[in-house]
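Hi everyone, thanks for making time this morning. I'd like to walk you through one protein, starting with the whole chain and ending with a few individual residues. Have a look at this with me.

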Amino acid sequence: MADPPFLSGKLLLAMPGMADPRFERSVTALCIHDENGAVGVGISHKRAGIRLRGLLKQLELDPGEAPDAAIHHGGPVEPGRGFVLHSDDWGGEDTLQVVGPTGRLWAMTGTIDVLRAIAEGRGPKRWLVALGYAGWGAGQLEDEMTRHGWFAAAGRPDILFETPTDERWAAAFKSEGIDPRLLASETGAA
């Protein structure tokens, strides 16, 4: 039997009609996927009522040079825990490099040092901040991929860092040659 295809570095796109409304039109940047499970950070929905400068002040950090950027809803697990997805030109002690078939795609840091670096103007060139994450236990994501719900698109840093948040879902499908307006909201059986 062949090894299962792990999806680290992919963009996980919610299919129309997904049963869980928390993931409607969602894009999740998969950072870890192996035999133990998967961890991804949502990049397609902004958190209401909080922005980066306010978050830095809550953490008792001087906002300094940090722009007043949106905070993304990273997922339903640990919604108060922060993650920064960023370009690989910066790294801290707990930075994870996310690699795809073409090499390094982006990095993920979940420690306060990256926020401090952004506020001080010495952080990564490209980044986004999210609270919470999406997690799957061993074999759970593989099982979900066999049912209607998710599509795995190529990981594209331009979609993470250059595409406006509310356009990422459609842009990721279009980058795969798929018009999302033509997708069915349920699967059938032949």
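I'll begin with the overall picture and then move to some particular places in the chain. Please keep in mind that this is a predicted model.

So, what is it built from? The protein has ten strands and five helices. Its radius of gyration is 17 Å, and the globule rule gives 16 Å for 190 residues, so the protein is as compact as a globular protein of that length. If you prefer to think in box dimensions, the C-alpha trace spans about 60 × 35 × 30 Å along the principal axes.

How much of the protein is buried? Of the 190 residues, 44% are buried. The accessible surface comes to about 9,800 Å², and carbon and sulfur atoms account for 50% of that.

For those of you who like contact maps, take the contacts between residues at least 6 apart in sequence: 67% of them join residues at least 24 apart. And for the electrostatics people, there are 19 positive and 26 negative charges, with their mean positions 6 Å apart.

Now let's zoom in, beginning with a histidine. His-33 sits in strand β2, which runs over residues 27-34. Is His-33 buried or exposed? Its relative accessibility is 5%, and the cut-off for buried is under 20%, so His-33 counts as buried. A polar atom of the His-33 side chain lies 2.7 Å from the backbone nitrogen of Leu-7. Leu-7 also appears among the residues that His-33 touches, once we set aside those up to four places away in sequence. That list runs Pro-5, Phe-6, Leu-7, Ser-8, Ala-38, Leu-141 and Glu-142.

Next stop, a leucine. Leu-128 belongs to strand β9, residues 127-136, and at 4% relative accessibility Leu-128 counts as buried. Which residues surround Leu-128, leaving aside neighbours within four places in sequence? Leu-128 is in contact with Ile-43, His-72, Phe-83, Val-84, Leu-85, Leu-160, Phe-161 and Arg-168. Let me pick out Leu-160 from that set: Leu-128 and Leu-160 are 32 residues apart in sequence, yet their C-alpha atoms are 7.9 Å apart in space.

Strand β9 comes up again when we turn to helix α2. This helix covers residues 112-119, and Val-114, Leu-115, Ala-117, Ile-118 and Ala-119 are buried there. As a reminder, an α-helix has 3.6 residues a turn, so residues three or four places apart point the same way. What do the buried residues of α2 pack against? Their partners are α1 (52-58), β6 (77-86), β8 (103-109) and β9. Just after α2 comes Gly-121, with a positive phi of about 75°.

That brings me to backbone angles, and to two glutamates you may want to find on your own screens. Glu-60 has a positive phi of about 60° although it is not a glycine. Glu-60 lies in the loop between α1 and β5 (70-73), and with a relative accessible area of 74% it is exposed.

Where is the other one? Glu-78 is in strand β6, one of the elements that the buried residues of α2 pack against. Phi of Glu-78 is near 45°, again a positive value in a residue other than glycine. At 42% relative accessibility, Glu-78 counts as partly exposed.

That's my tour, and I'm happy to take questions.

Methods: Residues numbered from 1 in each chain as written. Predicted model: local features only at pLDDT ≥ 70, side-chain atom pairs only at ≥ 80, totals over all residues. Heavy atoms only, no water. Helix = DSSP H or I, 4+ residues; strand = E, 2+ residues; numbered from the N terminus. Rg over C-alpha atoms; globule rule 2.2 N^0.38 Å. Buried < 20%, exposed > 50% of the residue type's maximum accessible area, 1.4 Å probe, protein only. Contact = heavy atoms within 4.5 Å. Areas by Shrake-Rupley, 256 points an atom, 1.4 Å probe, with all protein chains shown as cover. Lys, Arg positive; Asp, Glu negative; His and termini not counted. Charge placed at Lys NZ, Arg CZ, Asp CG, Glu CD. Polar contact = N/O pair within 3.5 Å; in protein donor to acceptor, adjacent residues only side chain to side chain.
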